[in-house]
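Work through the exercises below with the structure open. Try each task before reading its solution.

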Amino acid sequence: MASVNPELPAESASLSASLYDVLTDLHQNQYPHVPNPPSCKKRASVALVLRIRPTYHHWPTSEGASLSLPDHTAPVPERLTSFFSQDWVRNGDPEVLFIKRASRAGDRWTGHVALPGGKRDPEDVDDKAAAVREASEEVGLDLTTADCIHVGNLPERVVTTSWGSVPLMVLCPFIFLMTRRDSPPLRLQPTEVASTHWVPLRALLSPSLRTVENVDMSQRLSNMGGIIPRFVYRCTLGMMQFSAVRLRPTESLQSNTTPGPIPDDYLEPPVSSLRRWTAWFSGHQSDPAKQERPLLLWGLTLGILADFLDMLPPHTAVQLWKYPTFTTPDLWLIVTVLTYRLRKRNQLQVQSGACPSNTAVDGQTAALPVMQTADDNNEVGIGGLGVGRYYGPSDKVPDGSKYAVGMLLKGYYSRLRVAVSIFLAWRAVLGALAAVYTWRSFRRRQ
């Protein structure tokens with residue numbers, strides 16, 4: 001474990017107090033159920049699991065814990081109040097459980113950081129039951145025990161295809177708080193989970209850990225198959241850049257089928273330069289099982305966490321987020337110019353709270369009000385931000401709850417598609433001019 005920061009107790013105490021307020025509010029103000037769009041039947045659930053890690057100078061005692069905790073059948077507000085009244089909890093370090101997905105051929109999320117969860121099965125009585133079952137299957141964590149509190153949920157969202165409005169499933173995030181003083185034992189499913197990581201909320205809120213993730217979108221943007229079309233897309237559009245967070249875990253657990261701290265690379269022959277070039281050209285990894293991805297939180301999971309993080313001080317989840325763009329210089333410039341006024345307008349609306357809403361959008365999802373459908377101008381692509389209820393400047397809805405404005409990406413991906421069209425036309429004109437110039441030069445030489 002890292003050395004103790006002298007300022008950590010005071011910072012953690014403030015964060016724990018804010019976490020108590022947020023969890024209490026989330027329990028009292030549940031987000032509405034989002035029904036499936038007519039053309040989409042699938043639903044999925046994820047579990048945002050929280051725990052409090054004790055600090056060195058505020059270690060829990062068995063006597064104090066047993067006297068302060070109420071019976072697990074007590075109402076949730078009473079259980080939350082009793083738990084956060086303990087000295088070690090008030091001065092503890094709140095953390096979130098993430099998983100790193102196992103490498104699987106054909107899985108677009110292979111090796112990505114995510115929350116425990118998966119698709120809802122017919123035998124699941126509701127969406128929460130799916131989250132509980134998936135957490136048990138993937139990491140062996142029982143969320144129905146007496147030392148676990150189901151707090152509430154975050155905005156449900158309709159997950160759509162990249163750059164399109166075709167709904168894939170409705171995703172339902174649920175929040176659980178572990179009240180035990182030690183780390184809960186985990187049992188990782190090797191085919192689903194490569195590792196688990198407990199990450200402090202402080203790290204997720206830290207501006208210094210904000211970064212970007214460059215993603216090869218050639219296979220997602222093109223309906224054409226084969227090596228040549230993917231190569232053309234990659235060379236023309238470049239990589240797409242998304243906002244991300246570098247994770248700094250305090251505790252990690254590897255799957256028992258994952259190689260341990262001593263790598264077994266000596267058992268495998270080195271990958272040749274030709275093989276690496278061929279893999280890049282075709283758009284496929286040379287050996288997914290050997291690809292070590294950094295622990296980056298981005299895309300869909302970052303969108304879910306942003307709903308939650310923006311409720312906590314310093315309330316900068318929106319300000320730290322960056323709009324998706326491209327790495328190709330001229331395409332980046334076109335996107336920047338074409339979306340400038342839209343981005344400024346959306347940011348002002350978010351900061352002023354001018355339009356209270358139950359919706360949440362990110363780069364891959366759109367959480368829709370109950371009466372909306374997936375066709376109501378909620379087309380979004382992959383990766384980005386989701387915004388939910390928060391504690392900041394905002395108008396209040398009649399019931400007194402505060403809501404963030406799911407406005408940052410409103411209309412952005414439509415402008416992005418226009419920018420790509422302009423860019424392709426621009427490149428076509430340049431190509432035509434270059435071809436004419438080359439032909440005339442050739443004719444002069446003859």
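**Exercise 1: a strand and its partners**

Strand β9 (residues 210-215) and β10 run antiparallel, joined by 6 bridges. This is a predicted model, in which local features need pLDDT of at least 70, side-chain atom pairs count only at pLDDT 80 or more, and totals for chains, interfaces and linings use all residues. Residues are numbered from 1 along each chain as its sequence is written, and side-chain values use heavy atoms, leaving out hydrogens and water.

Task: find the bridge partners of β10, and say how covered this strand is.

Solution.
- Strands are DSSP runs (E, at least two residues), helices are runs of H or I (at least four), and both are numbered from the N terminus. Two strands pair if DSSP finds at least two bridges between them.
- Start with β9: Thr211 has Ala244 in β10 as its bridge partner.
- Go on to β12 (residues 296-298): 3 bridges join this strand to β10, antiparallel. Here Arg246 partners Leu296.
- Then take β13 (residues 325-326), which pairs with β10 in the antiparallel sense over 2 bridges. Gln241 stands opposite Thr325.
- Finally, check cover: 5 of the 7 residues of β10 (residues 240-246) are buried. Buried means under 20% relative accessible area, exposed over 50%, partly exposed in between (1.4 Å probe, protein chains only).

**Exercise 2: a loop with unusual backbone**

Task: inspect Pro314 and His315 in the loop between α10 and α11.

Solution.
- Locate the loop: α10 spans 299-309 and α11 spans 317-320.
- Read omega: the Pro313 to Pro314 peptide bond is cis, near 10 degrees.
- Read phi: His315 has a positive value, near 55 degrees.
- Compare: most residues other than glycine have a negative phi, and most peptide bonds are trans.
- Classify His315: its relative accessibility is 26%, so it counts as partly exposed.
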